[in-house]
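Work through the exercises below with the sequence and the model open. Each one sets a task and then solves it step by step.

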Amino acid sequence: MRILFYLPVVTPWWFENKIAPILHRIAALAEVHVLAPTPWRNTGIGPDQLGQCLGLETVKWQIIDGADSASLRTGGGDTAELVAHVRDLAPDLTLCRTADFETARKFPGTVRFLMEGAAAPFHFDAALTITDQPFVNGAMPELGASDRATLDALIAPLWAEMRAHWQRAIPDRGAVFRQAGIPEDRPMLLLPLEYEHEENFFLQHRVPQVSNRALVTKTAKQLAGKCTLVVTDHPLNARHLDRRGLRDTIAQLGKRVILAEPTILGFPATLTLAVHADGMLLGDSKSFGMAAAFGVPILRRSRFTSASWLNAETDLGRFVAAARSGEARAPSEEDTRLWFAYHFANEAFYSRDPDLTGSELIDRALRPVNPERWPAGIGRIRAVKPEYLH
């Protein structure tokens, strides 16, 4: 079997923690090619990444350099030569870490995308998924009654533990709002910002195509004081980017827009506030899982679809009116449980799992639904992170 790893937007951290471990396993039983550009904006393959694979003598590396290598991250250039090259290579399976989904879909054979598998408020180390539907929130296949019952039974104890923990740990709405400086005289809408470092080429799909600062300003103007807008920053933004501009922007928007501190009462701000939010404003953030888990209505602005069970609104005006009247529709509680069960049992996996084999990885790509992997999959997750157990 011939397998191609196509990695134009892989970062050094992603390669070390997620790609290299599965590359080692698959290379043991298949013909493997790696196609990627040279480093640019903290993505691509360079000497450090090659150095982690010195023992993989059978892997064939194809590193693209030159003026066109940057366009592999965005899809903005002429991709005909790239597609022709991959067709000549004729892989049976291509595993992609790319933000240009449409070009990859022109490749021959089976094409799958390597995406984040984390789904808070549950915890799963370095989670990864192999999917053909990137950013389709809540996606899962039609499942029969027997499979649904199996998944429900598998998630039940973890679900109960998760809900009981957060009911104990997070104080009531009044206490949380006082701690965060949020007035209680109107609905609170939560806006978790996405990672905005230049290495995040997935932001090219954002709707609307604006910066986080512009998004906050635009949203605040649309709300016109009808709700309190609380903004939480992505933890990697706080770690890698200068946030003074964001803070200045929010300070100028008045008391109805609040930038939350990174943690509230010892827990991540987005999680703490999601427990009491009247709605969550999302693009392609993974925070939709928290909204669903805590029964928070969702507004999603995205070029990608959302599963119907999320009941995600797409019009901000309608969403605000529903939030103010208390009629905003929350995600289906039954399907939320089912999705978390399906996601962890069937989709998400730990790339450094010592029991993970190359055969299992190939099976995950070629057979997206496999009930035989469900018990072990559920067994790898925890209801909450260990540091939250206090």
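**Exercise 1: the nonpolar cores**

The largest nonpolar core has 55 residues, and Phe122, Trp166, Leu273 and Phe344 are those with the most contacts inside it. A nonpolar core is a set of buried Ala, Val, Leu, Ile, Met, Phe, Trp, Tyr and Cys residues joined through side-chain atoms within 4.5 Å. This is a predicted model: local features need pLDDT of at least 70, side-chain atom pairs count only at pLDDT 80 or more, and totals for chains, interfaces and linings use all residues. Residues are numbered from 1 along each chain as its sequence is written, and side-chain values use heavy atoms, with hydrogens and water left out.

Task: state which elements each supply at least two residues of this core, and which gives the largest share.

Solution.
- Step 1. The elements that each supply at least two residues are α5 (145–169), α6 (173–180), β7 (188–192), α10 (269–274), β12 (279–282), α11 (288–293), α13 (333–347) and α15 (374–379). Helices (H or I, at least four residues) and strands (E, at least two) are DSSP runs, numbered from the N terminus.
- Step 2. α13 gives the largest share of this core, 7 residues.
- Step 3. Take Trp166 and leave aside its neighbours within four places in sequence: it is in contact (heavy atoms within 4.5 Å) with Pro121, Phe267, Leu271, Phe294, Val384 and Tyr388.
- Step 4. Another core, of 30 residues, lies apart from the largest one; Ala30, Val32, Ile45 and Leu361 are among its residues.

**Exercise 2: the two sheets**

Task: give the strand order of the sheet of 7 strands and of the sheet of 5 strands, and find the edges.

Solution.
- Step 1. The order β3-β2-β1-β4-β5-β6-β14 describes an open sheet of 7 strands with mixed pairing. Two strands pair if DSSP finds at least two bridges between them.
- Step 2. Its edges are β3 (60–64) and β14 (349–350); each has a single partner strand, so one side of each is left without a neighbour in the sheet.
- Step 3. Inside this order, β1 (residues 2–6) and β2 (residues 31–37) run parallel and are joined by 5 bridges. Tyr6 has Leu35 of β2 as its bridge partner.
- Step 4. The open sheet of 5 strands has the order β9-β8-β7-β12-β13, with parallel pairing.
- Step 5. At its edges stand β9 (257–259) and β13 (298–300), each with a single partner strand, so one side of each lacks a neighbour in the sheet.
- Step 6. In this sheet, neighbouring strands are turned by 25 degrees against each other on average, direction ignored.
- Step 7. β7 pairs with β8 (residues 228–232) in the parallel sense over 5 bridges, and the bridge partner of Leu191 in β8 is Val231.

**Exercise 3: helix pairs and a kink**

Task: how are α5 and α13 oriented to each other, and how are α7 and α9?

Solution.
- Step 1. The axes of α5 and α13 come within 8 Å and cross at roughly 100 degrees. Axes are lines fitted to C-alpha atoms, for helices over the stretch in contact, and angles run from 0 to 180 degrees between N-to-C directions.
- Step 2. α5 and α13 are therefore roughly perpendicular to each other. Angles under 35 degrees count as roughly parallel, over 145 as roughly antiparallel, 65 to 115 as roughly perpendicular and the rest as oblique.
- Step 3. Residues making the contact include Leu151, Ile155 and Trp159 of α5 and Leu338, Phe340 and Tyr342 of α13.
- Step 4. For α7 (residues 212–223) and α9 (residues 244–251), the axes come within 10 Å and cross at roughly 10 degrees. α7 and α9 are therefore roughly parallel to each other.
- Step 5. Arg213, Val216 and Thr217 of α7 meet Gly245, Leu246, Thr249 and Ile250 of α9.
- Step 6. α9 also lies across β8 and β9, running at about 155 degrees to β9.
- Step 7. Helix α1 (residues 12–27) has a kink of about 45 degrees at Ile19, shortly before the proline Pro21. The bend at a residue is the angle between axes fitted to the seven residues ending there and the seven starting there.

**Exercise 4: burial**

Task: are Thr38, Asn212 and Ala175 buried or partly exposed?

Solution.
- Step 1. Buried means under 20% relative accessible area, exposed over 50%, partly exposed in between (1.4 Å probe, protein chains only).
- Step 2. Thr38, in the loop between β2 and α2 (47–51), counts as buried at 19% relative accessibility.
- Step 3. Asn212 of α7 counts as buried at 0% relative accessibility. Leaving aside its neighbours within four places in sequence, Asn212 is in contact with Leu193, Glu194, Glu196, Arg206, Asn237 and Arg243.
- Step 4. Ala175, in α6, counts as partly exposed at 23% relative accessibility.
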